[in-house]
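Morning, everyone. Let me put the sequence and the structure up, and then we will walk through them.

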Amino acid sequence: MRTNKQYGTVYFILSALLVLLFIVSICYGAVEISISEITSAFGNVFSGNKGLTLNERILLQIRLPRACLCIFAGSSLAVGGVLMQALFRNPIVEPGLIGTSSGAAFGAALYFVLGSTLKLNAEWGLPFAAFGGGALSTVIVFLLAERKETGRSSVIALLLTGIAINALFLSCVGFLAYIARDPQARSITFWSMGSLAGASWYSVIVVGSVSIFCLLCALRNSKQLNTLVMGEEEARLMGVDVRKLKLTILFINVLMIAICTAFVGVISFVGLVVPHLLRMWKGSDNRYLIIGGALMGAALVSMADVIARVVLRPAELPIGIVTSLVGVPVFIYLLRTKKYYF
Amino acid sequence: MIQVRNIAYKVREKYLLRETSIDFAPGTLNLIVGPNGAGKSTLLKLIAGQMKGGEGMVLYNKRPLHEYSVSEQARFRAVLSQNLEVSFPLSVYEIVMMGRYAHFNATPESKDKSACEEVMAFFEINDLAGRDYTTLSGGEKQRVQFARVLAQIWYPAPENYRYLLLDEPLTFLDVHYQHEFMQQLKVLLRSKDLVVIAVVHDLNLAVKYADNVTLLYEGEILANGTPNEILTIDNVKKAYGIEPKMILVEEKKYLIF
C-alpha cells in the first residue's frame, strides 16, 4: 500500500543512520580504535583466542556493550514517549510523566546514600533500587488517581497526579542530595543527568530483552492506540477494550522506563522530542511512530553518547546534558519553522 | 431491529429521560427531534450503550446489548458522535481505516481496504485520502467521520442487522451537503438489514426524509410516527413553545416559523 512505502524510506534512512552511529560510537572515545582492530577482535573472539590486545579488550568489554546499551535505552525512551503521548492524547507528555523516572531517581538516590551502610551489592543494588522506586511511584500515582465511585482513573486525573507525585519525588531526591556527603551527592547528581559509562554485557542483556519484549507488545497494540486520538469513548465504540489497553500500555511503559532508568540514569528529552520529530515527518500512525521511534531514539542516544565522550576527552559529560543542550535548540527551531498542527 | 424497553436515566434525582419504550425498524429512516435538553442525545447514547447506570434495557436483534462484547458490538453497530476532535495529525485514509479496526487483527485485509475505498467513493472524498485530517474544513471533517463510521458496518453483519446511530450529523454541513447526506442515507437504506437512528434539529429535513419521527419533550416521548402525523402545529407548539404555520409541498407538510 502507498503509505507503507512512505514509511519504508523513513525506516531505511533511520537504520542507515543508526548503523553509522554504531560504528562511530565503537571507534571513538578516550582511545581510537581502527576498523582493522575491530575485525581482528571479532576474529579472535570467534577463534577462541584469549590473547587480546588492550584496544581489543576495550572494544569488547567497554565500547560494544556501551553502544548496544545506547540502542536499547534510546529505543525504550522514545517508544515510551510515543506510548504516553498516544495514551494521554497530549503532545507535551513524556514517558516519565506518571512518576516512573522521578521515582527511579529517588530509589537510586536512596541507594547512593544508604547503600554502603546497608552493604548492598554494587552491581545489583542500584538497578533494583531504581526499578523499585519507579514501580512504587507509578503505583502510588495510580492508586491516588483512581476514583472511588467508578473504580476507573481518568486520563486527566492520572496526568495531574503524575505531575504532583513527580514534584514530590524530585524534592525527595533534592533532600537526599542535600543531606548526603559530598561524593554521594555527586553520584546522585551525576546519575540524575544520565550516563552510559556503567554499561556491561549484563546490563545490555537486561535492558535489551526488556526493550525488545516491550516493543513487540507496543506494536501489537498500535492499532488500538490510534483510535484513542478521538478519545476513549470513540475508541470503545470502535470495539477497543479501553481499560485493558490503558493497563497494558502503562505496564509496558513502566517496565521499559524503570528498567532503562535503573541502568543509565535519567536521560531527559529523548522521549519528548523523538515522537514529535516523527510526527512532523510522516504523521501520527502509531505503528510508524513505534518502529520509527525505536530507530530514531536509538540513533539519538548513540549520537549524544558519542558527543558526551568526545568533547571533554578523556573526561565525560553526563549524557542528559548533551541531549538537552543539543536537542532543545534543534527542537525549538523545528517547532518555529515547520508548519505544525498546534 | 432495536427494541428499547423501559429505559430511564437520571442524574441526582432529575430525570434526563423518563421511562421510555420504543422500537426502531430496519430499512427505515428514524429521526429523533425535540428542543434542547429534551433528552435526544441521552436516548441515543443509551441505545448505543455509551451510558452506564440507566434503568431498563436495549435489545439488538432480540438480545440485550450488554451481552455482546465491546468488539462484537463494533462489528454491527457504528456511532457518529458530536464534537469529534482528533488530537494528532493523521491522514484521512488512516481515519477511515479506523472504522475497520474491529474487523482485522494486525494489518488490514483486502476486504478492509476495499471497504474503505468503496465508502470513500460513496462520499466522494477520494481526493482527500492523503490529506492531514486536522487541516480539513468542518464540513470535510464531518464527511470523513461519516465515512469512518460507515466503513465500520459496510458489509452485512453475520446473523445480525447493522445499526447506524448518528448524533446531529448535519451540524457542520451546508444546505447542499445536508440534503445530499439525507439522500445518501436513503440510498443506504435500500439494504434492508440496516437500522438508522439519527438525532436532527431541522424539523423540515425530518418532514422531507424521515420514515419515522420521534418527538421528545422534557425527557419523554411526546409523539412517535410518520412526520405528517407527528409534526403537527399543536405538537410543535407544545414542544418548542413557538407556533408554526404550515405549507403543503408535494403532499408534505412543511413548517414555517
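Where is B:Val236 found? It sits in helix H9 of chain B, residues 233-240. Keep in mind throughout that this is a predicted model.

Stay with that valine for a moment. Is B:Val236 buried or exposed? Count the C-beta neighbours inside 10 Å and you get 22. The cut-off for buried is 20 or more, so B:Val236 counts as buried. Next, what does B:Val236 touch, once residues up to four places away in sequence are set aside? The answer is B:Leu231, B:Pro244 and B:Leu255. There is also a distance to note. B:Leu215 is 21 residues from B:Val236 in sequence, and their C-alpha atoms are 8.9 Å apart.

B:Leu255 takes us to a hairpin. Strand S11 of chain B, residues 245-249, pairs with strand S12 of chain B, residues 252-256. The sense is antiparallel, over 5 bridges. Within that pairing, B:Leu255 in S12(B) is the bridge partner of B:Met246. So B:Leu255 appears twice here: it is touched by B:Val236, and it is bridged to B:Met246. The hairpin has 2 residues between its strands. In the turn, B:Glu250 has a positive phi of about 45 degrees.

Two other loops in chain B deserve a look. First, B:Glu218. This residue is in the loop between strand S9 (212-217) and strand S10 (220-225) of chain B. Its phi is positive, about 50 degrees, although it is not a glycine. B:Glu218 has 16 C-beta neighbours inside 10 Å, so it counts as partly exposed.

Then B:Asn61. The loop here runs between strand S4 (55-60) and strand S5 (63-64) of chain B. Phi of B:Asn61 is positive too, near 50 degrees, in a residue other than glycine. With 17 other C-beta atoms within 10 Å, B:Asn61 is partly exposed.

Now the strands on either side of that loop. S4(B) and S5(B) pair in the antiparallel sense over 2 bridges. B:Tyr60 stands opposite B:Arg63 in S5(B). Both strands belong to an open sheet of 4 strands in chain B, in the order S2-S1-S4-S5, with antiparallel pairing. Which strands stand at the edges? They are S2 (14-24) and S5 of chain B. Each has a single partner strand, so one side of each is left without a neighbour in the sheet.

On to where the chains meet. The contact takes 22 residues from chain B and 18 residues from chain A. On the chain B side, helix H2 (70-76) and helix H3 (92-98) each supply at least two residues. H2(B) gives the most, with 5 residues. By class, that side of chain B has 11 nonpolar, 8 polar and 3 charged residues.

Next, the core. The largest nonpolar core has 180 residues. Those with the most contacts inside it are A:Leu69, A:Ala73, A:Ala108, B:Val96 and B:Ala206. Helix H3 of chain A, residues 54-88, gives the most to this core, with 17 residues. Take A:Ala73. Leaving aside neighbours within four places in sequence, A:Ala73 is in contact with A:Val207, A:Cys260, A:Val264, A:Ile267 and A:Val301.

Now some helices of chain A. Helix H11, residues 242-264, has 23 residues. At 1.5 Å a residue, H11(A) should span 33 Å, and its end C-alpha atoms are 32 Å apart, which agrees. Just after H11(A) comes A:Gly265, with a positive phi of about 80 degrees.

Helix H7 of chain A covers residues 182-192, and its buried residues are A:Ile188, A:Trp191 and A:Ser192. Seen down the axis, they fall within an arc of 95 degrees, so they line one face of H7(A). What covers them? Helix H4 (100-118) and helix H6 (155-179) of chain A are included in that cover. On the other side of H7(A), A:Asp182 and A:Pro183 are exposed. A:Gly194 follows the helix, with a positive phi near 80 degrees.

Last stop, A:Trp281. This residue is in helix H12 of chain A, residues 270-282. It has 17 C-beta neighbours inside 10 Å, so A:Trp281 counts as partly exposed. A:Ile38 is 243 residues away along the chain, and the two C-alpha atoms are separated by 35 Å.

Methods. Residues are numbered from 1 along each chain as its sequence is written. Chains are lettered from A and ligands numbered from 1 in the order in which they are written. This is a predicted model: local features need pLDDT of at least 70, side-chain atom pairs count only at pLDDT 80 or more; totals for chains, interfaces and linings use all residues. Two residues are in contact if their C-beta atoms, placed from the backbone, lie within 7 Å. Ala, Val, Leu, Ile, Met, Phe, Trp, Tyr, Cys and Pro count as nonpolar, Asp, Glu, Lys and Arg as charged, and the others, Gly among them, as polar. Two strands pair if DSSP finds at least two bridges between them. A nonpolar core is a set of buried Ala, Val, Leu, Ile, Met, Phe, Trp, Tyr and Cys residues joined through C-beta atoms within 7 Å. A residue is buried if 20 or more other C-beta atoms lie within 10 Å of its own, exposed if 12 or fewer, and partly exposed in between; C-beta atoms are placed from the backbone. The expected span of a helix is 1.5 Å times one less than its number of residues. The arc is that of the directions from the helix axis to the C-beta atoms.
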